[in-house]
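Here are some questions about why the labels on a structure are what they are. Each answer sets a value against its cut-off and concludes.

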Amino acid sequence: MELTIIGYGLIAAVAEILGGSLVVLRKQWPRAVQEYLLSLSAGFILALVFLELVPKSIDAIGAGAPLYMLLGYAVLHLFEHTIVGHLHFGEETHREVMVSGVASVSTFAGLFVHAFFDGFAISAGMQFNFYLGLLVFFAVLLHKIPEGLTIASVMLAAEYRKRTAFLASAAIGLATMLGVVSIFLLAEIDEQIVGKAFAFSAGIATYVGASDLVPEINRSNNRITPVLVFGGMLLFYLGTVMLDSFVGHIY
Ligand SMILES: [Zn+2]
Ligand SMILES: [Zn+2]
């Protein structure tokens, strides 16, 4: 089981590095595609939060669950937008902010923590219920290429070398893997902790969907981008229908 989870974590990490490579190799990655992936991921993740993660967390650990959810939300907010001054998803276009160097380092730190918790959520989900975790994995995978692209473009905008930009995306991929493995260590200490980590990751997923991705989507000039959030919700529905028909009822 742990090997399987590590395998899925690796796929997410590779998608991250792929996003970084695209920027470094200067292959033009159309802005629209980047935005569409963020939209689909946002819709998918929010449907997952409301329809599965929140109710299943309460089923699992009862009245304590909402506190862990709030904590999950708060931790990402702290690391991404309280300590860090300038973090948004998608290609970095604000060169003037990045020239300071401090901005790029803090963006890197914010994304590192974000990616750690992406991996954490995949792993907690899969340990809790493999098929639920598979849905979490898919929600994360949808925004991993744009995420890798974000960090590499931040580093280039801050005038780091291409090699450094690539290594930065690899480091963010590594953070995802650290998040995956952290659940194994926590579960070893205390089995009960998986339920709490699962509730915590419901809060993380809420933050990623509603506070990382949706603001980016709403800033877009492309009218299709916000509409695709509903597409993400539909994709989630189709995903659960498919899981149900392949493996029977998943819970
Ligand atoms: Zn910017
Ligand atoms: Zn992410």
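Buried means under 20% relative accessible area, exposed means over 50%, and partly exposed lies in between. The model is predicted.

Q: Why is His88 called buried?
A: The cut-off for buried is under 20%. His88 has 12% relative accessibility, so His88 counts as buried.

Q: What makes His86 buried or exposed?
A: His86 has a relative accessibility of 16%. Buried means under 20%. His86 therefore counts as buried.

Q: Which protein atoms count as donors of the zinc ion (ligand 1), and how far from the ion do they lie?
A: A donor to zinc is an N, O or S atom within 2.8 Å of the metal. For ligand 1 the protein donors are NE2 of His86, NE2 of His88, two OE atoms of Glu92, and ND1 of His94. They lie 1.9 to 2.7 Å from the ion. Along the chain their spacing is H-x1-H-x3-E-x1-H.

Q: What makes the site of the zinc ion (ligand 2) tetrahedral?
A: Four donors count as tetrahedral if all angles lie between 85 and 135 degrees. Here the 4 donor atoms give angles of 96 to 123°, and the site is tetrahedral. The protein donors are His114 (NE2), Asp118 (OD), His143 (NE2) and Glu147 (OE), at 1.9 to 2.0 Å from the ion. Their spacing in sequence is H-x3-D-x24-H-x3-E.

Q: How do you know that the pair His114 and His143 links distant parts of the chain?
A: His114 sits in helix α5 and His143 in helix α6 (residues 130-157). They are 29 residues apart.

Q: Are His114 and His143 buried or exposed?
A: The cut-off for buried is under 20%. His114 has a relative accessible area of 0%, so His114 is buried. His143 also has 0% and is therefore buried.

Q: How do you know whether the length of helix α3 is close to what is expected?
A: Take 1.5 Å times one less than the number of residues. Helix α3 covers residues 65-82 and has 18 residues, giving an expected 26 Å. From first C-alpha to last, helix α3 reaches 24 Å, close to that value.

Q: Why are the buried residues of α3 said to line one face of the helix?
A: These residues are Ala65, Met69, Gly72, Leu76 and Glu80. Viewed down the axis of α3, they fall within an arc of 60°, so they line one face. They pack against α2 (31-61), α5 (102-128) and α8 (193-218). The face turned away from the buried side carries the exposed residues Leu67 and Leu70.

Q: What makes Ser57 buried or exposed, and what does Ser57 touch?
A: Ser57 is in helix α2. At 0% relative accessibility, Ser57 counts as buried, since the cut-off is under 20%. Contact means heavy atoms within 4.5 Å. Not counting residues up to four places away in sequence, Ser57 touches Gly62, Ala65, Met69, Phe198, Ala199 and Ala202. Of these, Ala65 and Met69 are among the buried residues of α3.

Q: How do you know that Ser21 makes a polar contact with the backbone oxygen of Ile17?
A: A polar contact needs a pair of N or O atoms within 3.5 Å. The backbone oxygen of Ile17 lies 2.7 Å from a polar atom of the Ser21 side chain. Ser21 belongs to helix α1 (residues 2-24). With 16% relative accessibility, Ser21 counts as buried.

Q: Why does Val154 count as buried?
A: Its relative accessible area is 1%, so Val154 is buried under the 20% cut-off. Val154 is in helix α6. Leaving aside neighbours within four places in sequence, Val154 is in contact with Glu92, Met98, Ser104 and Thr107. Glu92 is also one of the donor residues of the zinc ion (ligand 1).

Q: What makes the phi of Glu159 worth a remark?
A: Most residues other than glycine have a negative phi. Glu159 is not a glycine, yet has a positive phi of about 70°. Glu159 lies in the loop between α6 and α7 (162-189). At 55% relative accessibility, Glu159 counts as exposed, since the cut-off is over 50%.

Q: Why is Ile193 called partly exposed?
A: Ile193 has a relative accessible area of 22%. That value falls in between the cut-offs of 20% and 50%, so Ile193 is partly exposed. Ile193 is found in helix α8.

Technical notes:
Residues numbered from 1 in each chain as written. Chains lettered and ligands numbered in written order. Predicted model: local features only at pLDDT ≥ 70, side-chain atom pairs only at ≥ 80, totals over all residues. Heavy atoms only, no water. Helix = DSSP H or I, 4+ residues; strand = E, 2+ residues; numbered from the N terminus. Buried < 20%, exposed > 50% of the residue type's maximum accessible area, 1.4 Å probe, protein only. Arc of directions from axis to C-beta. Donors = N, O, S within 2.8 Å, 3.2 Å for Na, K, Ca; no water. Tetrahedral: all angles 85-135°; square planar, octahedral: opposite > 155°, others 65-115°. Polar contact = N/O pair within 3.5 Å; in protein donor to acceptor, adjacent residues only side chain to side chain.
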